[in-house]
Structure formats: C-alpha cells, structure tokens
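Trainee: I should like a close look at the aromatic ring pairs of this chain. Please describe how the rings are placed and where they sit in the fold.

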Amino acid sequence: MQTNFLSQQFNAGSLAENSTACPANATICDGTSCILAEDNFNQTLNVVLSTVLTIMLAMVMFSMGCNVELKNFLGHLRRPWGIFVGFLCQFGIMPLTAFLLSLAFNILPIQAVVVLIMGCCPGGTASNVIAYWVDGDMDLSISMTTCSTLLAMGMMPLCLLIYTKMWTDSSAIVLPYDSIGISLVALIVPISFGMFVNHKWPKKAKIILKIGSILGAVLIVIIAVVGGILYKGSWVITPKLWIIGTIFPAAGYTLGFVLARVAGLSWHRCRTVSLETGMQNTQLCSTIVQLSFTPEQLELMFTFPLIYSIFQLAFALLILGGYRLYRRHHVKTKTDVEKTAQKEDSKSSAIINGGFVSDEMK
C-alpha cells in the first residue's frame with residue numbers, strides 16, 4: 001500500500017532525534033515512540049465508549065438542531081456566501097497551512113503526510129457546540145459542517161493529490177468514504193429531528209437546547225480524555241510535531257476569522273467561520289491514518305490527531321473564555337446583542353462580493 005520512497009525514510013538514522021526507553025511489552029520500538037500490544041481491556045473499552053459516545057453525539061446534534069430554523073438554514077443554502085467563505089477556509093486555508101508548516105519544520109515525509117491529512121479533513125461537530133456558546137450563527141455553523149463533510153468526498157482526494165506529491169503517491173492514502181458517509185448521516189438525521197421539534201414546539205426546543213449544550217461540553221471533554229486512555233501506549237514523538245500541533249489550530253482559527261471579516265460577514269458569523277475552520281474532524285483523520293499506514297510507520301505519527309485535538313480544544317476554550325469575558329464587560333443585555341447582530345446583518349447584507357450576497361437577514 002505504501003510507496004518505496006516512504007519506506008526508505010524510516011531508517012534508524014531518521015529516528016535519532018527521538019531517544020527514550022520503551023517498555024518490555026512494546027510491539028514496536030526502535031529507540032523512539034513505542035506502541036503497546038492491544039489488550040482485551042482496550043478493545044472492550046473501545047467498543048463500549050464508541051457506542052456511548054455515538055449516542056451522546058446524536059443527542060447533542062439533536063439539541064443543536066433545536067436552535068436551527070428551517071427558513072434560515074435554507075437561506076444559507078440559497079445564498080451561500082457564508083458557506084462559500086467557509087469552503088475557502090476549510091479546503092483552501094487549512095491544506096495550504098499544513099503544507100507550509102510541514103516545509104517550514106522540515107519534518108519526515110510520513111509526518112508531513114499526516115499533517116496534510118489533518119488539514120484536508122472536514123470540520124468537526126465540536127465546532128457546533130462551541131459556536132453556540134460564543135453566540136455564533138448556528139444555522140451557518142451546522143450548514144458549514146454538513147456541507148464540508150459532504151464536499152470532503154471530493155475535496156479530500158483533490159487536496160491530497162495536490163499537496164502530497166513531493167512526499168508520497170496520494171493513491172497510498174485510503175479514504176474511508178463509509179466513515180464520511182456515516183458522519184454525514186449522524187449529522188443530518190438528529191439535526192433534522194431537532195429542527196422539526198423547534199418548528200412544532202419552540203418552547204420545549206429551548207429547554208432541550210440548554211440541556212444539549214451542557215451535554216455537548218461534557219462530550220468534548222470525555223472524547224479528549226478517552227483519546228488519552230485508548231492511546232495509553234508509551235510514546236514520545238518529535239517536538240516538531242508538538243509545535244505544529246500547537247500552531248496549526250491557532251492558525252486555522254485566526255485565518256478563518258480574518259478571511260470571514262474581509263469577506264464582509266458580521267462579527268457573530270466571523271466567530272462561527274473561525275471555529276469551523278480551526279476545529280477539524282480528528283476522528284476521521286485517525287481512521288485514515290490507521291487504514292493507510294503500517295504499524296512501523298504509525299509509530300512516527302499516529303498520535304498527531306490526538307495532539308491536534310488537544311490544542312484545538314484548548315484554543316477553543318480560550319476563545320470561549322475571552323468572548324464571555326468581553327460580553328460580561330461590554331454587553332449589558334441579551335436585547336443589546338440581538339440589536340447589534342441585526343444592525344451588522346443589515347449592513348453586510350447590502351455588500352455584494354464577486355456575485356455572491358455576503359450575508360442575509362436572519
């Protein structure tokens with residue numbers, strides 16, 4: 001499955017920068033990061049937690065759908081300026097940033113490939129939860145997540161073909177279209193039910209939304225902790241990947257916000273685009289990595305998705321904390337927030353960018 005060029009990169013000399021003792025029961029160890037043998041506990045825990053997390057995720061997406069109005073959601077699809085800006089961020093900025101970071105830090109080819117896979121992944125569902133907490137545009141957030149997941153079926157192969165040429169043949173990377181399809185269904189079905197509840201019983205929908213937003217915050221923390229438990233093998237990776245894992249999500253948040261603002265989107269939609277850009281589907285990245293590479297190759301980069309998820313969550317929490325602090329000191333009432341958002345929407349809806357209407361009235 002892998003090219004000879006890639007295989008030639010994994011000699012003892014290229015591993016010299018990592019030096020740590022490995023446990024006696026490590027299945028892979030060459031003086032660097034090690035992977036422990038799978039045990040029954042890990043397998044059972046993986047199945048149980050995957051089932052629980054899937055159910056919780058469906059409940060969270062259902063509650064997020066309770067904050068979406070069908071007319072506003074369809075409005076974004078009919079006049080998709082916000083979605084188009086998000087598309088440029090997701091499949092333009094992120095893959096390019098991954099490519100430039102890989103070149104700048106001169107990492108091993110196999111490590112560059114996993115960074116690029118992360119950059120080419122669609123947005124993750126955690127962005128919808130954080131977008132709610134920062135008073136983002138939930139209609140835009142969910143439409144962006146849905147569209148990026150759908151478009152990933154075509155854009156991921158294209159981006160990987162363009163950016164991985166200098167390191168490997170893109171045909172060596174296995175894209176799990178079934179996993180992408182499952183992610184899409186897991187988004188659309190519960191969100192559709194939530195939108196229906198919001199249409200029929202708006203008061204009950206508000207209660208469900210509050211409960212679901214708290215559950216979503218708990219779910220994000222659980223996923224981060226579970227990732228550490230399931231990857232409990234003794235591993236130490238090159239500091240370069242830690243640095244990239246720190247810079248990459250921060251760059252995504254920042255560049256997404258800047259591009260959205262340049263495109264004329266209102267402040268609350270800029271926050272939304274920023275979160276959708278920086279928060280990647282790290283579970284999908286892990287799946288692609290495990291399907292595409294041998295265990296010997298995995299030792300060099302299999303923890304990068306976990307590193308990225310840790311820092312994307314850390315920066316998201318910083319954004320949330322900063323916004324809440326700003327709102328406490330500068331925004332007095334909820335009515336003021338709504339009036340400000342309406343005023344911004346009125347201004348931005350009059351701006352035409354390249355044939356697209358930059359915003360629409362909510």
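Mentor: The chain exposes about 16600 Å², and carbon and sulfur atoms supply 67% of that area. The model is a predicted one. Of its 362 residues, 50% count as buried. The chain has 15 helices and four strands. Among contacts with a separation of 6 or more, 82% join residues 24 or more positions apart.

Turning to the rings, a pair of aromatic rings is described by the distance of the centres and the angle of the planes. With centres required to lie within 6.5 Å, the count comes to eight aromatic pairs. One of them joins phenylalanine 87 and phenylalanine 91, with 5.7 Å centre to centre and 55° between the planes. This pair is tilted, because its angle is neither under 30 degrees, as stacked would require, nor over 60, as edge-to-face would require. The two residues are four apart in helix α4 (residues 81-105), so about one helical turn separates them. Phenylalanine 87 is partly exposed, at 25% relative accessibility, whereas phenylalanine 91 is buried, at 8%.

Tryptophan 242 and phenylalanine 311 form an edge-to-face pair, because their planes meet at 85°; their centres are 6.4 Å apart. This pair links distant parts of the chain: tryptophan 242 belongs to helix α10 (residues 239-262) and phenylalanine 311 to helix α14 (residues 304-330), 69 residues apart. Tryptophan 242 counts as partly exposed, with 33% relative accessibility.

Another ring has a charged partner: arginine 261 lies over the face of tryptophan 267, 3.9 Å from the ring centre.

How values were computed
Residues numbered from 1 in each chain as written. Predicted model: local features only at pLDDT ≥ 70, side-chain atom pairs only at ≥ 80, totals over all residues. Heavy atoms only, no water. Phe/Tyr/Trp six-rings, centres within 6.5 Å; stacked < 30°, edge-to-face > 60°. Buried < 20%, exposed > 50% of the residue type's maximum accessible area, 1.4 Å probe, protein only. Lys NZ or Arg CZ within 6 Å of the ring centre and 35° of its normal. Contact = heavy atoms within 4.5 Å. Areas by Shrake-Rupley, 256 points an atom, 1.4 Å probe, with all protein chains shown as cover.
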